[in-house]
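I open these notes to work through one structure step by step, writing down what I looked up and what I found.

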Amino acid sequence: VVKKPIDVDELTAVVGTAVRAGRTRVLVVSRQEVYARVVETLDRLGIEHEWTGSGAHAAMACYARRFEVALVDAGMRNPRAVMQALDLRGRRLQRAVIVFTPEDAAGAADLGVEAVPIDNVASAVVAALRDE
């Protein structure tokens, strides 16, 4: 419970605690230089995550562990192949693939999906976990 007026830091801490209690894991598939920006957000939320830089490695990670959410960098060489390689087998009912872009969100239009700007990754992950 977070009382009004809502403090952003307190809300982040509460959400992070709730997510950790659910043992949520996020797989980040991105270029290495972009990952540094995403990891700050996930660490702040207290979300367990793993990074990989290719669709093949993402498939191996999914085979070895269970993930509820995958964050896919739209600026990768072949993001469509990355999305096809994902096998999210987490224990939550809803699994989510969130495509993000450090540039303009319209950059993923050719993928046929809506991409979120990198600055909105935290809210997209929290929304995906809330929509069970």
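**Entry 1: the middle of the sheet**

I began with one bridge and found that Ala 70 has Val 97 in S4 as its bridge partner. This is a predicted model, and I keep that in mind throughout. Looking further along S4, I found that Val 99 is the bridge partner of Val 72. I then looked up the pairing as a whole and noted that S3 and S4 run in the parallel sense, joined over five bridges.

Next I turned to the pairing of S4 with S5, where strand S5 covers residues 116–117 and the two strands pair in the parallel sense over two bridges. Within S5, Val 116 is the residue that stands opposite Phe 100.

Is S4 largely enclosed or not, I asked, and how many of its six residues are buried? I found that five of the six are buried, so S4 is largely enclosed by the rest of the structure.

**Entry 2: the whole sheet and its helices**

I traced the strands across and wrote down an open sheet of five strands in the order S2-S1-S3-S4-S5, with parallel pairing. Its edge strands are S2 (48–52) and S5, each of which pairs on one side only.

I then looked for helices that pack on this sheet. Helix H3, residues 55–64, packs there and touches S1 and S2, and its direction makes about 165° with that of S1. H5 also packs on the sheet, where it touches S1, S3, S4 and S5, and its direction makes about 170° with that of S4.

For the overall layout, I counted five helices and five strands in the protein chain. Read from the N terminus on, these elements run α-β-α-β-α-β-α-β-β-α.

**Entry 3: the nonpolar cores**

Which residues have the most contacts inside the largest nonpolar core? This core has 22 residues, and I listed Val 26, Val 38, Leu 42, Leu 71, Ile 98, Phe 100 and Val 125 as those with the most contacts inside it. The elements that give two or more residues to the core are strand S1 (25–29), helix H2 (32–45), strand S3 (69–73), strand S4 (96–101) and helix H5 (121–130). Apart from this core lies another, of twelve residues, and among them I noted Val 29, Ala 61, Val 72 and Leu 88.

I remind myself that in soluble globular proteins nonpolar side chains tend to be buried together.

I picked Ile 98 for a closer look and, not counting residues up to four places away in sequence, found that it touches Val 69, Ala 70, Leu 71, Val 72, Val 116, Ala 124, Val 125 and Ala 128.

**Entry 4: Val 28 and Thr 52**

I moved on to Val 28, which lies in strand S1 and, at 0% relative accessibility, counts as buried. Leaving aside neighbours within four places in sequence, I found Val 28 in contact with Tyr 35, Val 38, Leu 42, Glu 50, Trp 51, Thr 52 and Leu 71. I also checked Val 28 against Val 69: the two are 41 residues apart in sequence and 8.5 Å apart in space, C-alpha to C-alpha.

Thr 52 has its place in strand S2, and at 6% relative accessibility Thr 52 counts as buried. With neighbours within four places in sequence again left aside, the contacts of Thr 52 are Leu 27, Val 28, Val 29, Ser 30, His 57 and Ala 58.

**Entry 5: an aromatic pair**

I searched for aromatic pairs, and the count comes to one. The rings of Tyr 35 and Trp 51 have their centres 5.6 Å apart and their planes at 40°, so I recorded the pair as tilted. Because Tyr 35 lies in helix H2 and Trp 51 in strand S2, the pair ties together parts that are 16 residues apart in sequence.

Are these two residues buried or partly exposed? Tyr 35, at 18% relative accessibility, counts as buried, whereas Trp 51, at 31%, counts as partly exposed.

**Entry 6: the chain and the confidence**

I closed with totals for the chain, in which buried residues make up 42% of the 132 residues. Among contacts between residues at least 6 apart in sequence, 62% join residues at least 24 apart.

On confidence, I noted that the protein chain averages a pLDDT of 78, with 74% of the residues scoring at least 70. Among the elements, helix H1 (residues 8–21) has the lowest mean pLDDT, 66, and H3 the highest, 92.

Methods. Residues numbered from 1 in each chain as written. Predicted model: local features only at pLDDT ≥ 70, side-chain atom pairs only at ≥ 80, totals over all residues. Heavy atoms only, no water. Core = buried A, V, L, I, M, F, W, Y, C linked by side-chain atoms within 4.5 Å. Buried < 20%, exposed > 50% of the residue type's maximum accessible area, 1.4 Å probe, protein only. Helix = DSSP H or I, 4+ residues; strand = E, 2+ residues; numbered from the N terminus. Contact = heavy atoms within 4.5 Å. Pairing = 2+ DSSP bridges. Axes fitted to C-alpha atoms, helices over the stretch in contact; angles between N-to-C directions. pLDDT = per-residue confidence, 0-100. Phe/Tyr/Trp six-rings, centres within 6.5 Å; stacked < 30°, edge-to-face > 60°.
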